[in-house]
Amino acid sequence: MNQQDRDILRKLAESIAEAASAPEMSRRRAAWLRMNSLHSEQPMVLVSPEGAWKEIRELTPVLCSDPVAREFEWQLRQRLWLAAFQDDMPVEADFCLGYEIEPDTWGVKIERRYSGVDGGAYKPIPPLTDLSRDLGKLHFRTLRWKKEAYEQKKALAVAAFGDLLRIVPAPGYCFWTCGMTCNVIDLIGMEEMMIGMYDQPENIHALMRFLTEDLEQYLNQLEQAGLLWYNNGSNLVGSGHCGLTADLPSMDQPVKNVTTAALWGLAESQETVGISPEMFAEFIWPYQRRLLHRFGLGYYGCCEPVNERLQSIREAENLRAISVSPWADVEQCANELQDRYVLCHKVNPSYLCLNFNEPEIRRELRHRLDICKGLNNVFVLKDTHTVHHEPKRFQRWVEIVREEFRG
C-alpha cells in the first residue's frame, strides 16, 4: 500500500473518529440502551440503503490505487455517507473487517436460473427431486475460512489507520438467519415445499430437522474457530435494528471465543407467507425456535407480515424485537405485542424509491405512530433498490420522520 493510498485512508478515518467523538453519539447510545431494555422514551430511526449503495458508489469517487486500499476506502466512505443521513445509529471509531468464508453446500449443487435483469428475479433449479430418495444425498457443511487473507488485511488496516480506528471483526459477517426456508426452496423448490406439507409431511419435517442440525453444527464450528463477534454494539442486527443493549455480555471485556449466547439471533420465513398460521406452527416454527433459543436475544421477521404468526413467535422466551413490515397488520401487532417487545417498523420504501412522495411518507408514519403511541418503536428504511441517484432522499426522509415524531 503506497503512501498516497495511506494518506487517503487516514483522512477518511480521521473524519470518522471526529464524528464518533461528538456528544450526540453518547445521547444516541443511551437512547438505544433504553429502547432495547423496553423503556423507550422516544421512537428511533434507522436508514439502510441496501440496493441503493450501487448508485451511491457511482456518485462517490474512490481514489486509492491498491485493490485492498480501494476496498477499505469504499467501506470508510460508506460510513461517512451513513453519518451524513443523520439517523440514530451512533458513529463509532472502529473499522469492521469481515472474515472470508469459503462457500459450502450440503453435498449437492445449488443452481438458480436468473432473469438476466440486474437485481432481478431468479428461479431455483432444485437438486432434490424425490425427497424420500434424495435426502440421503445431503451432508453437513464444513467451515473453511481464509485465515491468512484475513490476517494480511488486518495488518494493512492496522498499519494504515489503526491508531485512529479500532480494527474489529465484522458482526454477523459469517451468519445471518435461522430461517432455513430459503434453503428448503433452493433444495426442493417453492411449489414442492408448499405441496409437500400436504403430500409428504414426514419428508418436509426430515428436511427441516436436517437443516436445523446442520446449522447447529455450523454455529458450533464458528464458535470453536473464534469467528463470531459481538453484535450488541452500534451495528445492525436482525433484519433492521440497532444491537446496543446491556442485556448481553459487554464487548469491552472480550473473550477468546464468542458464543451465540452472547449474540442477537434472527429468524424469519419470508418465503412461507402463503401457508396458514397452523402450518407455520407445525413445519417451520419448532425448528426456528430451537435455533433461536441458543442466542442471547432474538429478533423475528423481515418482509413477511408476522401478525398471523404472533401466537407462535411469542413462545420464544428470549425474543426482544419483531419486524412490522409494510404488509403487516399494524393494529394487531400493537394490540398483541404492546410494550413487551421492540416494534421495528419497516416503512414502505416505494414512497422514496420512485417519486419522492412526501404526503404518503407522512401518512404512513402518522398511521403507525397513532396506533403504536407509547410503545417501543423503531422506524427503519431499507429495501431501497434505487433512489434515482439522489442519496439526499435518505436524509430528507429522516427529517420528515423526526417532524412526525414531534407531531
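How many aromatic pairs does the count come to? In this predicted model, the count comes to 17 aromatic pairs. The report begins with some of these pairs and then turns to helix α7, two individual residues, and the internal spaces.

## Aromatic pairs around helix α4

Trp81 and Phe85 form one aromatic pair, with 6.2 Å centre to centre and 40 degrees between the planes, and this pair is tilted. Both residues belong to helix α4, which spans residues 67-85. They are four residues apart, about one turn of the helix. Is Trp81 buried or partly exposed? Trp81 has a relative accessibility of 24% and therefore counts as partly exposed, the buried class being reserved for values under 20%. Phe85, by contrast, has a relative accessible area of 2% and is buried.

Phe85 also pairs with Phe394: the ring centres are 5.0 Å apart and the planes stand at 45 degrees, so this pair is tilted. Because Phe85 lies in helix α4 and Phe394 in helix α15 (residues 392-405), the pair ties together parts that are 309 residues apart in sequence. Phe394 is buried, with a relative accessible area of 0%.

The two pairs that involve Phe85 are set out below.

| Pair | Centre to centre | Angle between planes | Geometry |
|---|---|---|---|
| Trp81 and Phe85 | 6.2 Å | 40 degrees | tilted |
| Phe85 and Phe394 | 5.0 Å | 45 degrees | tilted |

Elsewhere, ring pairs join Phe72, Phe95 and Phe161 into a cluster.

## Helix α7 and its surroundings

Why is helix α7 described as largely enclosed by the rest of the structure? The helix covers residues 181-188, and six of its eight residues are buried, so it is largely enclosed. The buried residues are Thr181, Val184, Ile185, Asp186, Leu187 and Ile188. Their packing partners include two strands, β3 (111-114) and β4 (122-125). The helices α5 (131-134), α8 (190-199), α9 and α10 (277-292) also pack against the buried residues of α7. Just after α7, Gly189 adopts a positive phi of about 100 degrees.

## Gln217 in α9 and Ala281 in α10

Gln217 is found in helix α9, residues 201-224. This glutamine counts as buried because its relative accessibility is 18%. Which backbone oxygens lie 3.0 Å from a polar atom of the Gln217 side chain? One is the backbone oxygen of Arg141, at 3.0 Å. The backbone oxygen of Asp214 is likewise placed 3.0 Å from a polar atom of that side chain. When neighbours within four places in sequence are set aside, Gln217 is in contact with Phe140 and Arg141. Arg141 thus appears both as a contact of Gln217 and as a residue whose backbone oxygen lies 3.0 Å from a polar side-chain atom of Gln217.

Ala281 lies in helix α10, one of the elements against which the buried residues of α7 pack. With a relative accessible area of 33%, Ala281 is partly exposed. Its contacts, leaving aside neighbours within four places in sequence, are Pro286 and Ser312. Ala281 and Ala159 are 122 residues apart in sequence, and their C-alpha atoms are 52 Å apart in space.

## The second largest pocket

The second largest pocket has a volume of about 330 Å³. Its lining comprises 18 residues, and Tyr99, Pro169, Gly226, Trp229 and Lys256 are those nearest the centre of the pocket. The elements that supply two or more residues to this lining are α6 (147-161) and β5 (166-169). Which element gives the most to the lining? Helix α6 does, with four residues. By class, the lining consists of twelve nonpolar, two polar and four charged residues.

## The enclosed cavity

The count of cavities of 30 Å³ or more comes to one. The largest cavity has a volume of about 40 Å³. It is lined by Val347, Asn348, Tyr351, Leu352, Ile361, Glu364, Leu381 and Trp397. Helices α13 (350-353) and α14 (358-371) are the elements that give two or more residues to this lining. What classes of residue make up the lining of the largest cavity? There are six nonpolar residues, one polar and one charged.

Conventions. Residues numbered from 1 in each chain as written. Predicted model: local features only at pLDDT ≥ 70, side-chain atom pairs only at ≥ 80, totals over all residues. Heavy atoms only, no water. Buried < 20%, exposed > 50% of the residue type's maximum accessible area, 1.4 Å probe, protein only. Polar contact = N/O pair within 3.5 Å; in protein donor to acceptor, adjacent residues only side chain to side chain. Contact = heavy atoms within 4.5 Å. 1 Å grid on protein atoms, 1.4 Å probe; cavity = no way out; pocket = protein on both sides within 12 Å on 5 of 7 lines; lining within 4 Å. Points joined across faces, edges and corners; volume = space filled by probe spheres on them. Nonpolar A, V, L, I, M, F, W, Y, C, P; charged D, E, K, R; others polar. Phe/Tyr/Trp six-rings, centres within 6.5 Å; stacked < 30°, edge-to-face > 60°.
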